[in-house]
Amino acid sequence: QVWQIRLDIHLLNHDGNITDAASIAGIVALCHFRRPDVSVQGEEVTVYSPEERDPVPLSIHHMPICVSFAFFHQGTYLLVDPTEREERVMDGLLVIAMNKHHEICTIQSSGVVMLLQDQILRCSKITAVKVAEITELIQKALENDQKARKEGGKFGFAESIPNQRITAFKMESAAVDTNDVEQQAEEIIAKADPPSEVFANPVLHTPGTAQIGEGVESSWGDLEESEKEEAAEEEGESEAAALECEKVETEDTSTMRETKSEPIVLSDSEEEEVVILEPQELPRKTR
Amino acid sequence: PPCSPVLSVCPGDTSVLAGLYGPAEAKISKELPDRAALEVLLRPKVGLPGVLERSREQLLRQTCEAVVLGVLHPRTAISLVLQVLSDAGSLLSCCLNAACMALLDAGLPLTALFCGVTCALQPDGTILLDPTARQEQEARAILTFAIASSEKKVLMATTKGSCSVEEMQQCLAAAQRATDTIFQFYRDSVRRRYSKC
């Protein structure tokens, strides 16, 4: 069994060189992360929750940081850390990822520019300087955060937002007066209309089929006057036949009655399909 | 495309970043002939958007549609993208506040402002406003209201857990009290923003 680590990087604003920003954010997130503590005794593995034991950091061997270079005019001009506009018009891009021990972790070249060896060497020297600066910034930030957490100070994203700007405004949490809230609520309830009548008793026909309320009376089979007379005559003749079509495929069912008590189970037969027809109201033409 | 980004931070380090795009040209399949088509996207902090985010998007969309004067911009699309940066409780009301401030900052025509307030009903019956994550877990019910600035009417109410009708009315009354502070905050921040024009 192993741990699976997932790193989600959300891009909030794109003003160029998202590769570098994402690489810094990613490596700092991994360094800052704490995973639950685990103890293994033979075959038995116990995972402790953050409340039981302090979570432990991941083992990070080194911190690779990306630095991007934009080339213009077939390599004549070189810009480090291009902005969005510079990225749009550049000829080629060189990305070097390095750690503070001057080890190159990644080197990628793209675009339509062909680079000379000394250009790449120069870029890697610039990268070494930049990576040293950035790594120091990261270490300081991580230490500050750890100190703030230990001493009980404020930490987190909300604290890191600069609030001295004109576009930022901060207000301390304010108390809300909730003294006569209950009285106000009672008044509202007293004045409100009573809720409409609720049919709270479902009738269970079969597992999975239930009925709440009556529904409108079915108008299927409403007959004209003359036809009704005919049907009445015929029904007298063919009463026996009419009873046949009452229920199909069920052993015993009881007719539905309106009650106001527990939900009624009409049929506990094993049959899947239950067809319930109103007896003796079905017009039958026996011609 | 020009966007007005707004970062909303609610008590306890819950923060949501809102970006509003629009009114812009809409895809033919999505445009409405007489009003603007509003779309809300909510991205969680970790993972891909799931069913919970989708349901929250619909709540937010319906709340925004109630206040935005869409008829002034027919056949356009307004997109509101919300990114959760940290979650320490009361997330939905933080999203509502961020959405309203984004609409305000973008200068969209609105009939009223709105704000979100979360109430947690504890097992012993006390009401907590803007609960932290821990308080939310221990609560018996959590109610979130979106309340409009004109006459403190309710635009949206959603509950998780069970509570009686009286308790809900009490939470609503408490939430309406809290909106005074929030609308004052809106006013002050907008005043500050435009103080040097």
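In the predicted model, residues 113–177 of chain B are 29% helix and 42% strand, and the C-alpha atoms at the two ends of this span are 16 Å apart. The span belongs to a feature that UniProt, in an unreviewed entry, names "domain: Exoribonuclease phosphorolytic" and places at residues 12–109 and 113–177 of chain B. UniProt lists a feature of that name for chain A as well, again from an unreviewed entry, at residues 2–36 and 62–126. Within chain A, residues 62–126 are 25% helix and 42% strand, with end C-alpha atoms 19 Å apart. Residues 2–36 of chain A are 43% helix and 6% strand, and the end C-alpha atoms of that span lie 13 Å apart.

Chain B as a whole contains 4 helices and 8 strands, arranged along the sequence in the order β-β-β-α-β-α-β-β-α-β-β-α. Its radius of gyration is 17 Å, close to the 16 Å given by the globule rule for 197 residues, so chain B is as compact as a globular protein of that length. Along the principal axes, the C-alpha atoms of chain B fill a box of roughly 50 × 40 × 30 Å. Of the 197 residues in chain B, 45% are buried. Contacts in chain B between residues at least 6 apart in sequence join residues at least 24 apart in 68% of cases. The exposed area of chain B is about 9400 Å², of which carbon and sulfur atoms supply 54%. Chain B carries 20 positive and 19 negative charges, and the mean positions of the two sets are 4 Å apart.

The corresponding values were also computed for chain A. This chain has 7 helices and 12 strands, and buried residues make up 21% of its 287 residues. Among the contacts in chain A with a separation of 6 or more, 57% are accounted for by residues 24 or more positions apart. Chain A exposes about 22000 Å², with 51% of that area supplied by carbon and sulfur atoms.

Two residues of chain B illustrate local environments, one in a helix and one in a strand. B:Glu57 lies in helix H1, which covers residues 51–67 of chain B. The relative accessibility of B:Glu57 is 6%, under the 20% cut-off, and B:Glu57 therefore counts as buried. When residues up to four places away in sequence are not counted, B:Glu57 touches B:Val40, B:Leu41 and B:Leu42.

B:Ala120 is located in strand S5, residues 114–121 of chain B. With a relative accessibility of 0%, B:Ala120 also counts as buried. Apart from neighbours within four places in sequence, B:Ala120 is in contact with B:Thr126, B:Ile127, B:Leu128, B:Pro131, B:Ala139, B:Ala141 and B:Ile142. B:Ala120 is separated from B:Arg61 by 59 residues in sequence, and the C-alpha atoms of B:Ala120 and B:Arg61 are 24 Å apart in space.

Conventions
Residues numbered from 1 in each chain as written. Chains lettered and ligands numbered in written order. Predicted model: local features only at pLDDT ≥ 70, side-chain atom pairs only at ≥ 80, totals over all residues. Heavy atoms only, no water. UniProt positions renumbered as here; feature names shortened; annotations may be inferred. Rg over C-alpha atoms; globule rule 2.2 N^0.38 Å. Buried < 20%, exposed > 50% of the residue type's maximum accessible area, 1.4 Å probe, protein only. Contact = heavy atoms within 4.5 Å. Areas by Shrake-Rupley, 256 points an atom, 1.4 Å probe, with all protein chains shown as cover. Lys, Arg positive; Asp, Glu negative; His and termini not counted. Charge placed at Lys NZ, Arg CZ, Asp CG, Glu CD.
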